[in-house]
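Student: Could you take me through one part of this model up close? I'd like to hear about the charged pairs, and then whatever sits around them.

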Amino acid sequence: MFFDWLDSKGEAAGQPLPNLDDCPRSQLDSDTVLYITNHDVQDKYKLEVRICDNGKSCIYDRHGHKVCTGQEGWIFVLRDQELYGAQKVTSITGKSKQRFHHSSFFGGKAVAAAGIVVTNEFGRLTRLYPHSGHYRPGEPHMQRMLYFLQQRGVELASFEVDTQQLFHVSRENKIVPKGGAVEVTKKSKMESLHLQTAATVANYLAHKALMLGNSVFGQLHKIRKMISPKVTEILEEVDEGGLWNRVRREFQG
């Protein structure tokens, strides 16, 4: 869309379309990402989370078949409380003329959550990766997706979530060749998985939100700036509601 607009501006000004030796126009036009704007086409990618015959929650496609993604998983987006998913297409072949990424489902428009789901042969969710180069999922995305799944009967203790971004896990891979300088490379996200149960992640995010709402981190920041503080000085610094002073007066009185 952006590049269509960019090309149109060039054409309107009478300028030729970009055609570089390093990236010929024929290659540029043939290697594209599919953007879906038709609602009927978008509906074909809808997934449903519901209770299976065994009482467990499973993921189904639009035809009512259980989704088995394999180890690589399917990309997904959550929008308007509807889940959409499909296999990711990252290379152009004779069969696939366009790449299919997270941005494909809604033409790059905003979504509530995005990432990768991995299901087993029974259609049960086993792993959730908040990985998307386009949407860059953060904590709010993760919270919305976990809430969505919990509301549809998925037991949060039954699958794992990658938390490398949440806990800022380093992806650096240091290599020290014999007699040489240290070489630092960066591992891929899939090589740096930091898995926790979804229940653990949900509890962590809930407690963090509670602490933010009660200004706990602001109080901790004040304490960190103090030089060798005493306990009484710390209490004075963070005693915004006056509780410490009231307790001290009652004790002294």
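Tutor: Here is a walk through the salt bridges, followed by a histidine, the cysteines and a surface patch.

Keep in mind that this is a predicted model. For the backdrop, we have 253 residues, of which 28% count as buried, and the secondary structure adds up to eight helices and 12 strands. If you take the contacts with a separation of 6 or more, 59% of them come from residues 24 or more positions apart. The accessible surface is about 16700 Å², with 52% of that belonging to carbon and sulfur atoms.

Now the charged pairs. Side chains of opposite charge can pair when their charged atoms come close. How many salt bridges does a search of the whole structure find? It turns up five, and I'll go through some of them.

Let's start with Lys208 and Glu139, whose closest N and O atoms are 2.7 Å apart. This pair ties together distant parts of the chain, since Lys208 belongs to helix H5 and Glu139 to helix H4, with their positions 69 residues apart. Is either partner hidden away under the 20% cut-off for buried? Lys208 has a relative accessible area of 22%, so it counts as partly exposed. Glu139 is at 26%, and therefore partly exposed as well. Then there is Glu48 with Arg50, where the closest N and O atoms sit 3.0 Å apart. Glu48 comes out partly exposed because its relative accessible area is 40%, and Arg50 is partly exposed at 31%. Asp43 and Lys46 make another salt bridge through their side chains, at 3.7 Å from N to O. Asp43 has 33% relative accessibility, so it is partly exposed, and Lys46 gets that label at 26%.

Next, the histidine. His131 is in the loop that runs between strand E8 (125-129) and helix H4 (139-151), and Glu139 of the salt bridge above lies in helix H4. His131 has a relative accessible area of just 8%, which means it is buried. Its side chain makes a polar contact of 2.7 Å with the side chain of Asp162. If you set aside the neighbours within four places in sequence, the residues in contact with His131 include His102, Gly115, Ile116 and Pro137. Asp162 is on that list too, along with Gln164, Lys189, Met190 and Leu193.

On to the cysteines. A disulfide is a covalent bond between the sulfur atoms of two cysteines. The count here is one disulfide, formed by Cys52 and Cys58, with their sulfur atoms 1.6 Å apart. Both of these cysteines are buried. Cys68, on the other hand, is partly exposed because its relative accessible area is 44%.

Last, back to helix H5, where Lys208 sits. Which residues make up the nonpolar patch on the surface? They are Met211, Leu212, Phe217 and Leu220, and together they have about 340 Å² of accessible area. Helix H5 (198-213) and helix H6 (216-225) each put at least two residues into the patch. Met211 is in helix H5, and at 31% relative accessibility it counts as partly exposed. So helix H5 carries Lys208 of the salt bridge to Glu139 and also Met211 of the patch.

How values were computed: Residues numbered from 1 in each chain as written. Predicted model: local features only at pLDDT ≥ 70, side-chain atom pairs only at ≥ 80, totals over all residues. Heavy atoms only, no water. Patch = residues over 30% accessible without salt bridge, like charges linked within 9 Å, V, L, I, M, F, W, Y side chains within 5 Å. Areas by Shrake-Rupley, 256 points an atom, 1.4 Å probe, with all protein chains shown as cover. Salt bridge = Lys/Arg side-chain N within 4 Å of Asp/Glu carboxyl O. Helix = DSSP H or I, 4+ residues; strand = E, 2+ residues; numbered from the N terminus. Buried < 20%, exposed > 50% of the residue type's maximum accessible area, 1.4 Å probe, protein only. Disulfide = S-S within 2.5 Å. Polar contact = N/O pair within 3.5 Å; in protein donor to acceptor, adjacent residues only side chain to side chain. Contact = heavy atoms within 4.5 Å.
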